[in-house]
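This report describes one protein model together with its ligand. The sequence and structure come first, and the notes follow.

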Amino acid sequence: MAEDTVFGKIVRGEIPARIVYQDEEVTAFHDIAPVAPTHLLIVPNKPIRTLNDATPEDGALLGKLLLTARRLAHELGVAEQGYRLVLNCNPDGGQSVYHLHVHLLAGRKMTWPPG
Ligand code: 5GP
């Protein structure tokens with residue numbers, strides 16, 4: 001089990017966040033410091049620390065994160081124009097909150113390669 005993080009507290013409703021979707025498995029909310037006009041975070045309710053810590057048993061849950069991002073992109077009206085999903089892992093990947101999450105970024109043209 002991962003240590004508790006700010007995302008665990010958001011999932012449990014212990015600190016405020018602009019939650020756009022929640023069910024028994026995943027929670028999606030607006031990033032507190034958006035880097036694009038649309039910047040959501042989609043997290044498993046269960047605190048997996050990093051992608052390295054995910055197991056084959058987490059396969060359906062990981063898939064659900066992507067399908068939730070896909071659905072939210074449609075609902076937010078950004079699917080056709082496009083969006084980027086980002087999953088940072090560990091220090092060199094730029095991870096700062098150690099509760100696995102997918103960023104959904106949209107609303108501007110993304111650059112490649114990332115910095
Ligand atoms: P990472 O760098 O780990 O991939 O992304 C963590 C993200 O969480 C960052 O984009 C950061 O702005 C966001 N974040 C950190 N603390 C909070 C918080 O308390 N609330 C929300 N909504 N987002 C947060």
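## A buried aspartate in a loop

Asp58 sits in the loop that runs between S3 and H2. The model is predicted. With a relative accessible area of 4%, Asp58 is buried, because this value falls under the 20% cut-off. Setting aside residues up to four places away in sequence, Asp58 touches Lys46, Ile48 and Asp53.

## Helix H2

Helix H2 covers residues 59–75 and has 17 residues. From its first C-alpha to its last, H2 reaches 24 Å, close to the 24 Å expected at 1.5 Å a residue. H2 is followed by Gly77, which has a positive phi, near 80°.

The buried residues of H2 are Leu61, Lys64, Leu65, Thr68, Ala69, Leu72 and Ala73. Strands take part in covering these buried residues: the cover includes S1 (19–22), S2 (26–30), S3 (38–44), S4 (83–86) and S5 (102–106).

Leu66 also lies in helix H2. Its relative accessible area is 48%, so Leu66 counts as partly exposed, the range for that class being 20% to 50%. Leu66 and Arg84 are 18 residues apart in sequence, and their C-alpha atoms are 11 Å apart in space.

## Thr27 in strand S2

Is Thr27, a residue of strand S2, buried or exposed? Thr27 is buried, since its relative accessible area is 0% and buried means under 20%.

The side chain of Thr27 makes a polar contact of 2.8 Å with the side chain of Gln22. Leaving aside neighbours within four places in sequence, Thr27 is in contact with Val11, Ile19, Tyr21, Gln22, Leu41, Ile42, Val43 and Asn45. Gln22 therefore appears both in this contact list and as the partner in the polar contact, where contact in general means heavy atoms within 4.5 Å.

## The ligand and its shell

There are 16 residues around the ligand, and those that come nearest are Asp31, Asn88, Ser96, His101 and His103. The side chain of Asp31 has an N or O atom 2.5 Å from an oxygen atom of the ligand. A polar side-chain atom of His101 lies 2.8 Å from a ligand oxygen atom. The backbone contributes too: a polar backbone atom of Gly94 is 2.9 Å from an oxygen atom of the ligand. Taken alone, the ligand exposes 520 Å², and the protein buries 82% of that.

Two elements, helix H1 (6–11) and S2, give two or more residues to the shell around the ligand. H1 gives the most, with three residues. By type, the shell residues divide into eight nonpolar, seven polar and one charged.

## Backbone exceptions

Most residues other than glycine have a negative phi, and most peptide bonds are trans. Two places in this model depart from that pattern, as described below.

Asn90 is not a glycine, yet its phi is positive, about 65°. Asn90 lies in helix H3, residues 90–93. At 24% relative accessibility, Asn90 counts as partly exposed.

Trp112 and Pro113 are joined by a cis peptide bond, with omega about 0°. Pro113 is placed in the segment after S5.

Note on methods. Residues are numbered from 1 along each chain as its sequence is written. This is a predicted model: local features need pLDDT of at least 70, side-chain atom pairs count only at pLDDT 80 or more; totals for chains, interfaces and linings use all residues. Side-chain values use heavy atoms; hydrogens and water are left out. Helices (H or I, at least four residues) and strands (E, at least two) are DSSP runs, numbered from the N terminus. The expected span of a helix is 1.5 Å times one less than its number of residues. Buried means under 20% relative accessible area, exposed over 50%, partly exposed in between (1.4 Å probe, protein chains only). A residue is near a molecule or strand if one of its heavy atoms lies within 4 Å of it. A polar contact is a pair of N or O atoms within 3.5 Å; within protein, one must be able to donate a hydrogen and the other to accept it, and residues adjacent in sequence count only if both atoms are side-chain atoms. Accessible areas come from the Shrake-Rupley method with a 1.4 Å probe; for residues, only the protein chains shown count as cover. Ala, Val, Leu, Ile, Met, Phe, Trp, Tyr, Cys and Pro count as nonpolar, Asp, Glu, Lys and Arg as charged, and the others, Gly among them, as polar.
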